[in-house]
Amino acid sequence: MLNNSEDIQMKFYQSGDKGASLLPISFEDWEKRAKQVLGAGPFDYVSGAAGAGDTLRANLKAFQKYQIRPRICRDVSKMDLTIHLFGKNIPVPFLLAPIGMNSVLHPEAELAPAKAAAKLGVPYILSNVSTKSMEDVAKAMGDALRWFQLYPPKDHELTNSFLKRAEDAGYSAIVVTNDSTLLGWREKDLQNAYFPFLSGEGMGNYFSDPIFLSKLEEPPEKNVKAASKKALEQGNNTSFTWKELEYICKQTSLPVILKGVTHPDDALLALEYGVAGIIVSNHGGRQLDGAVATLDVLPSICRAIENKIPVLVDSGIRRGADIIKAIALGASAVLIGRPYAYALGVAGEIGVKEVLENFIAETELQLAISGRSTIKEVDRLLVTEEFR
């Protein structure tokens with residue numbers, strides 16, 4: 001899989017006139033194609049952000065503040081993108097971020113990105129609000145590396161059930177997401193009156209859970225709207241506190257990773273309450289309008305953590321250069337979201353696989369041209385803010 005960046009490039013160069021028959025290459029072209037293929041509701045669900053979209057734009061702008069300063073005359077004939085996380089060697093420095101209800105983008109829903117990720121060795125984080133159940137996704141992935149995202153339910157019985165199911169289905173980490181206990185003010189979704197959760201989209205893990213089903217007055221097949229509302233009520237856990245996080249850490253043998261951290265004090269509290277890692281994230285700008293950009297706060301959080309646990313980052317990753325910059329500023333790995341969501345909408349599993357292969361090739365090239373042969377060699381000296 002690795003050391004094939006030149007082969008990937010040659011595939012495009014040999015494809016014919018301007019690669020007209022190929023899938024898109026750039027993020028912008030994937031986004032454009034997705035807008036053509038998808039309806040307004042699904043497309044705006046992925047592309048949209050909270051409020052005026054200032055946080056989304058800040059995420060992107062933050063990456064432009066840093067420039068890569070390459071070194072020359074280095075032997076880069078053998079490249080290695082491998083990272084080490086939670087006892088696992090991972091062949092690439094990125095994971096697929098959890099994105100809910102993939103069924104609005106493609107009929108195969110979460111099975112498509114899961115299978116594409118498994119084929120390339122890219123870890124897949126399954127959303128709590130997936131349309132396919134965690135067991136179905138696990139079956140599609142075989143032994144491939146996967147994590148499960150948890151929106152902490154109000155009900156501890158349901159929490160424990162989700163955790164046990166994830167363990168039994170071979171997920172190797174739990175990603176507790178706590179920046180969306182309330183849904184952000186998403187103007188495009190409101191304008192479209194688009195909320196497919198109420199028709200059962202994204203409810204695969206709830207509607208397959210015996211604890212959840214036992215507490216319904218009517219089964220989902222008889223009253224899908226009522227069942228969906230009850231699931232959403234569980235996810236809107238505005239009473240979730242550090243003690244609740246500690247409870248989750250004690251209920252599972254899997255490493256618990258807290259997603260949604262943007263303040264160094266919260267990073268230190270997360271460490272105190274037992275997490276194994278954190279993800280610096282503002283939900284891709286989808287929750288709090290006017291919030292800080294993740295890359296801007298990443299260095300301060302890494303300084304606070306002092307390498308005691310891994311620090312990952314998401315929101316705004318669009319190209320291989322972004323991955324290199326994030327790792328240079330202290331991230332152990334990054335999460336990719338919108339790029340694969342658009343590819344899923346355009347071409348299903350084939351599209352996601354194409355995007356991932358391109359990310360791998362571009363990251364490898366960026367690393368080599370920067371004068372580094374392994375991800376381990378990427379450090380703060382590789383980027384500068386000097387020439388803004």
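In this predicted model, helix H12 passes helix H13 in a right-handed crossing. The axes of H12 and H13 come within 8 Å and cross at roughly 35°. On the H12 side, the contact is made by Pro264, Ala267 and Leu268, while H13 brings in Ser300, Ile301, Ala304 and Ile305.

H13 itself is worth a slower look. The helix runs over residues 294-305, and at 1.5 Å a residue its 12 residues should span 16 Å. The C-alpha atoms at its ends turn out to be 16 Å apart, so expectation and model agree. H13 is also mostly covered, with nine of its 12 residues buried. Those buried residues are Thr294, Leu295, Val297, Leu298, Pro299, Ile301, Cys302, Ala304 and Ile305. And what does the covering of these buried residues include? Helices H4 (54-64), H12 (264-272) and H14 (320-328) take part, and so do strands S8 (256-261), S9 (277-280) and S10 (311-313). Just after H13 ends, Glu306 takes a positive phi of about 55°.

Ile301 and Ile305 of H13 turn up again among the contacts of Ile278. Leaving out residues up to four places away in sequence, Ile278 also touches Ile257, Leu258 and Val261, then Ala267 and Ala270, and further along the chain Ile309, Pro310, Val311 and Leu312. With that many partners in view, where does Ile278 fit in the bigger picture? The largest nonpolar core has 118 residues, and Ile278 is, along with Phe94, one of those with the most contacts inside it. The largest share of this core, 13 residues, comes from helix H15 (residues 338-369).

H15 has helix partners of its own, and two of them can be set side by side. With helix H3 (residues 40-47), the axes come within 10 Å and cross at roughly 165°. An angle over 145 degrees counts as roughly antiparallel, so that is how H3 and H15 are described. The crossing here is left-handed. Phe43, Val46 and Ser47 in H3 meet Arg338, Ala341 and Tyr342 in H15.

With helix H5 (residues 111-120), the axes come within 8 Å and cross at roughly 5°. Angles under 35 degrees count as roughly parallel, and H5 and H15 are therefore roughly parallel to each other. From H5, the residues that meet H15 are Ala112, Pro113, Lys115, Ala116, Ala117, Lys119 and Leu120. Their counterparts in H15 are Tyr340, Leu344, Gly348, Glu349, Val352, Lys353, Leu356 and Glu357.

Tyr340 of H15 is also touched by Ala97, a residue in the loop between strand S4 (94-96) and H5. Is Ala97 buried or exposed? Its relative accessibility is 7%, and since buried means under 20%, Ala97 counts as buried. Besides Tyr340, Ala97 touches Ile125, Leu335, Ile336 and Gly337, not counting residues up to four places away in sequence. Ala97 and Asp29 are 68 residues apart in sequence, and their C-alpha atoms are 20 Å apart in space.

Past the other end of H15, Thr374 is found in the loop between H15 and strand S12 (383-384). Thr374 has a relative accessible area of 19%, and because the cut-off for buried is under 20%, this residue is buried too. Leaving aside neighbours within four places in sequence, Thr374 is in contact with Asp80 and Leu367.

Conventions: Residues numbered from 1 in each chain as written. Predicted model: local features only at pLDDT ≥ 70, side-chain atom pairs only at ≥ 80, totals over all residues. Heavy atoms only, no water. Core = buried A, V, L, I, M, F, W, Y, C linked by side-chain atoms within 4.5 Å. Buried < 20%, exposed > 50% of the residue type's maximum accessible area, 1.4 Å probe, protein only. Helix = DSSP H or I, 4+ residues; strand = E, 2+ residues; numbered from the N terminus. Contact = heavy atoms within 4.5 Å. Expected span 1.5 Å × (residues − 1). Axes fitted to C-alpha atoms, helices over the stretch in contact; angles between N-to-C directions. Parallel < 35°, antiparallel > 145°, perpendicular 65-115°, else oblique. Left-handed = near helix turned anticlockwise from the far one by under 90°.
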